[in-house]
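The following exercises are to be worked with the sequence and the model side by side. Each task is followed by a solution in steps.

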Amino acid sequence: MFRKEQHSNAFHRFRIDCSSLCQCGSMYNSNCAIAHKRLRPTRIIRCIYMVGFMDLFGVSMIIPLLSHHVKSLGASPTVAGIVGSTYGVLQLFSSTVVGSWSDVVGRRYSLLTCLLLSGFGYGLLGLSTSIALFVLARIPVGLFKHSLSICRALLSDLVLEKERPLVMGHFNAASSVGFILGPVVGGYLTEHEGGFYLSSFVCAAIFLLNAGLVWMLPWSETLNHRIDANANSKTKPSKSYDELKNSVQQNCSDKNHVCHTNASAVRSQTNGGWGWRDMSVVQPAWRQLTSVWIRIRMVASSDMWDVFLVRLLMAVSIMLYYSNFSLAMEERFQLKPKVTGYLISYSSMLGALAGCLVGPVTHLYGNNMSALLLHSTALTCTLIFLYATAPNVWQVLLTSTFFAISTTIGRTCITDLELQRGGAQASGTLIGAGQSVTAVGRVLAPLLSGLAQEVSPCGPPSLGGVLGLVAVGLLFVRTPKWDSKTKVKDKSPKQ
């Protein structure tokens, strides 16, 4: 009874001080009711959706043109393959490092850096009149094209755990729409003289515009959201009150009522896993590198090998499904490339729309992401086998329809499960590590596809189905352990 009165008094004191402190600046006038209702920072979330759309819109303008351009520079098929793998190898080693770096220096600074350097790389690609310049242009893009991963980490910071699948699904849908529309614009520009160079410069301009949008994002909402989240915390209310009071006073200390937040102090006080500490940018490089190394080592030594292994198996499985899709359609059903292109576009559009289904589906499962991942993986595996044994085009069309939906849900589930298991305080590191695992799949899938295709046109998807079965078996074994850990984690604050 005494504890309950103490919590109530602390909460009441916070409401009183909030109403007085919020008078110091118009920026916080709308935040006086934060103790009453938790509001999602929708404005910055919608801006992040736009960043994701523009990012993949610009990238997809270039991707279909790269192999043709490098061959036009005089590269042999072997050299073209080696040059093409440069990006994947760089992504493999840089994904985790850049993701962890965003945890250290903050989302805003790291996102701006990635967008500007990626834009520089695509601009340099527009000047590539030799193979050496082409390879040089791919280096900054391979090292710093992690803007989508940082956006996902930022979204994870901004929303509750139960809201995360819905927001991630919408972000993936917006990004996928950009990936669908980009090749249309890129193909139109290519028809003009010097079309590849023009497309590269347009892509670079899009990344610069994206950087400008990130710079102008309403970052004040992130602090308001952090204060709001801690005000509604169920644990240690008196301590949260003092921390939030100091934080609000600090943000309202300027005489012109302008927010000059020391976000690193906010994060160290609240220990809430906040991810945009702009003041930590001024840390020495060696200290940043040390922090990055510590975070990566913590993830590497954690008990998350099973989640990353499932991601790797399903990444390779899905890539094997698509690896020889056009060639298989031509050999098995005598489909023209044009018709196959329509089928791929249809599947891609369904995948984009399926992002909007992630929220309702996770709600239907009661936010049990491990069960949803198991079912979506089993469905994906079944659909791959149905495609490999399809007797006609109509069965391929049917499997493509549900395949686009199941893979979209599965990708969101595995990301959310990684964040659940690893903790939101290292969301950048975890998402980056997941992207590194996927990059390993991009290296392995072409090799396995070539070997399997020597046997049969149905060899790659059949092998993908087998790998999917291994993933399903692993999930059957590990899911009960994940659920038991989740129950213990949910009960611990109450004890």
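**Exercise 1. Establish whether Gly355 is buried or exposed, and what surrounds this residue.**

Solution. Gly355 has a relative accessible area of 1% and is therefore buried; buried means under 20% relative accessible area, exposed over 50%, and partly exposed in between, with a 1.4 Å probe and protein chains only. The model is a predicted one, in which local features need pLDDT of at least 70 and side-chain atom pairs count only at pLDDT 80 or more, whereas totals for chains, interfaces and linings use all residues. Residues are numbered from 1 along each chain as its sequence is written, and side-chain values use heavy atoms, with hydrogens and water left out.

Next, locate the residue: Gly355 sits in the loop between H15 and H16. Helices (H or I, at least four residues) and strands (E, at least two) are DSSP runs, numbered from the N terminus. Then list the partners: beyond its neighbours within four places in sequence, Gly355 is in contact with Gly169, His170, Ala173 and Thr408, where contact means heavy atoms within 4.5 Å. Finally, take the distance to Asn172: the two residues are 183 apart along the chain, yet their C-alpha atoms are separated by 6.0 Å.

**Exercise 2. Determine what the cysteines contribute, starting from a search for disulfides.**

Solution. A disulfide is a pair of cysteine sulfur atoms within 2.5 Å. The search of the whole structure finds zero of them. Two cysteines may then be classified by accessibility. Cys356 counts as partly exposed because its relative accessibility is 41%. Cys381, at 4%, counts as buried.

**Exercise 3. Describe the chain as a whole: how many helices and strands does the chain have?**

Solution. The count is 20 helices and zero strands. Of the 495 residues, 51% count as buried. The chain exposes about 23,200 Å², of which carbon and sulfur atoms supply 66%; accessible areas come from the Shrake-Rupley method with a 1.4 Å probe, and for residues only the protein chains shown count as cover. Among contacts between residues at least 6 apart in sequence, 82% join residues at least 24 apart.

**Exercise 4. Compare the UniProt annotation "transmembrane region" with the model.**

Solution. The unreviewed UniProt entry lists several such spans, including residues 111–137 and 172–190. UniProt positions are given in the numbering used here, feature names are shortened, and annotations may be inferred rather than shown by experiment. Residues 172–190 are 100% helix and 0% strand, with end C-alpha atoms 27 Å apart. Residues 111–137 are 81% helix and 0% strand, and their end C-alpha atoms are 20 Å apart.

**Exercise 5. Check the lengths of helices H4 and H19.**

Solution. The expected span of a helix is 1.5 Å times one less than its number of residues. For H4 (residues 107–125), the 19 residues should span 27 Å, and the end C-alpha atoms are 27 Å apart, so the values agree. H4 is also mostly covered, with 14 of its 19 residues buried.

For H19 (residues 427–453), the 27 residues should span 39 Å; the end C-alpha atoms lie 38 Å apart, which agrees. H19 nevertheless has a kink of about 30 degrees at Leu444, shortly before the proline Pro446. The bend at a residue is the angle between axes fitted to the seven residues ending there and the seven starting there.

**Exercise 6. Characterise Gln334 and Asn367 by phi.**

Solution. Gln334 has a phi near 55 degrees, a positive value in a residue other than glycine. Gln334 belongs to the loop between H14 (325–333) and H15 (337–354) and, at 61% relative accessibility, counts as exposed. Asn367 is not a glycine either, and its phi is positive at about 60 degrees. The loop that holds Asn367 runs between H16 (358–364) and H17 (369–388); at 29% relative accessibility, Asn367 counts as partly exposed.

**Exercise 7. Which residues does Thr399 contact, leaving aside neighbours within four places in sequence?**

Solution. Thr399 lies in H18 (residues 393–422) and is buried, with a relative accessible area of 2%. Its contacts are Tyr321, Leu383, Leu386 and Tyr387. For Leu383, 16 residues away along the chain, the C-alpha separation from Thr399 is 5.6 Å.
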